[in-house]
Amino acid sequence: MREHRLTSVSTRNRNEREFAAIFERNEVRDTFRISYLANRLVIPVYEDIKREFGLKRGEYLLLFCLSHIEELTAQDVADMTGRPRNSISRAVHRMLEDGYLTRSPDPADGRQALLRITSEGQELHRQIVPWFLVREEQILCALDSDERRQLDRLLAKLVGSNAP
């Protein structure tokens, strides 16, 4: 169990002011806020996934992508997720060994392999998705339904204009 240190009210108020200030007064305000929220959203879930299922981030991202697109290469997954190719390649080997993926030669490019998720991989993905949904709700609950629709539109626009 972590030991919590008591802080005085004046120290706590000062820290809260400093915390709020970092989001408002910096050179890269939007970048910092987006990064902060992304980290607050995914890091706790990936820690839980590692602890509960023994999967690293790249391994789960393979399952996620292949749960939604029937066949992909490791390079496709790296492009879709923004993860380094080498971390995806390591994840491919582990997921193949564990029976969550299959691999076949890519007829269009002999240097690449086409990956597919197995039924075991699909089942594991189904077990993990609720962890993300709970965390997403915890982060987004401050928004009403109109704000959530607006956020969805804005995120779709940003992702669409920055896709590889």
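**Entry 1: elements**

I counted the secondary structure elements first. The protein has seven helices and two strands. The model is a predicted one. I then read the order from the N terminus: α-α-α-α-α-β-β-α-α. The radius of gyration came next. It is 20 Å for the protein, while the globule rule gives 15 Å for 164 residues, so the protein is more spread out than a compact globule.

**Entry 2: box and surface**

I looked up the box around the C-alpha atoms. Along the principal axes, it is roughly 65 × 40 × 30 Å. What share of the 164 residues is buried? I found 26%. The protein exposes about 11800 Å². Of this area, 53% comes from carbon and sulfur atoms.

I also checked the charges. There are 26 positive and 26 negative ones. Their mean positions lie 6 Å apart.

Then I turned to contacts between residues at least 6 apart in sequence. Of these, 52% join residues at least 24 apart.

**Entry 3: the core**

I went looking for the largest nonpolar core. I found 27 residues in it. Which residues have the most contacts inside this core? I noted Ile 49, Leu 55, Tyr 60, Leu 62, Leu 63 and Leu 101. Next I asked which elements supply at least two core residues each. I listed α2 (29-53), α3 (57-68), α4 (74-81), α5 (85-97), β2 (113-117) and α6 (119-140). Helix α3 gives the most, with six residues.

I picked Leu 101 from the core for a closer look. I left aside its neighbours within four places in sequence. Leu 101 then touches Leu 62, Leu 63 and Leu 66. It is also in contact with Val 92, Met 95 and Leu 96. Arg 116, Ile 117 and Thr 118 complete its contacts.

**Entry 4: Arg 116**

Leu 101 led me to Arg 116, one of its contacts. I found Arg 116 in strand β2. Is Arg 116 buried or partly exposed? Its relative accessible area is 29%. Buried would need a value under 20%, so Arg 116 counts as partly exposed.

I listed the contacts of Arg 116, again without neighbours within four places in sequence. They are Leu 66, Glu 70, Glu 71, Tyr 100, Leu 101 and Thr 102. I also took one distance. Arg 116 and Gln 75 are 41 residues apart along the chain, and their C-alpha atoms are separated by 14 Å.

**Entry 5: Asp 48**

I moved to helix α2, where Asp 48 has its place. Its relative accessibility is 22%. The cut-off for buried is under 20%, so Asp 48 is partly exposed. Which residues does Asp 48 contact, neighbours within four places in sequence left aside? I found Phe 53 and Trp 131. I then checked Phe 132. It is 84 residues from Asp 48 in sequence, yet the two are 10 Å apart in space, C-alpha to C-alpha.

**Entry 6: His 93 and Arg 149**

I found His 93 in helix α5. At 43% relative accessibility, I wrote it down as partly exposed. How far apart in space are His 93 and Lys 56? From C-alpha to C-alpha, I read 13 Å. In sequence, they are 37 residues apart.

My last stop was helix α7 (residues 145-162), which holds Arg 149. With a relative accessible area of 44%, Arg 149 is partly exposed. I took its distance to Met 80 as well. The two lie 69 residues apart in sequence and 23 Å apart in space, C-alpha to C-alpha.

Conventions. Residues are numbered from 1 along each chain as its sequence is written. This is a predicted model: local features need pLDDT of at least 70, side-chain atom pairs count only at pLDDT 80 or more; totals for chains, interfaces and linings use all residues. Side-chain values use heavy atoms; hydrogens and water are left out. Helices (H or I, at least four residues) and strands (E, at least two) are DSSP runs, numbered from the N terminus. The radius of gyration is taken over C-alpha atoms; the globule rule is 2.2 Å times the number of residues to the power 0.38. Buried means under 20% relative accessible area, exposed over 50%, partly exposed in between (1.4 Å probe, protein chains only). Contact means heavy atoms within 4.5 Å. Accessible areas come from the Shrake-Rupley method with a 1.4 Å probe; for residues, only the protein chains shown count as cover. Lys and Arg count as positive and Asp and Glu as negative; His and the chain ends are not counted. The place of a charge is taken as NZ of Lys, CZ of Arg, CG of Asp or CD of Glu. A nonpolar core is a set of buried Ala, Val, Leu, Ile, Met, Phe, Trp, Tyr and Cys residues joined through side-chain atoms within 4.5 Å.
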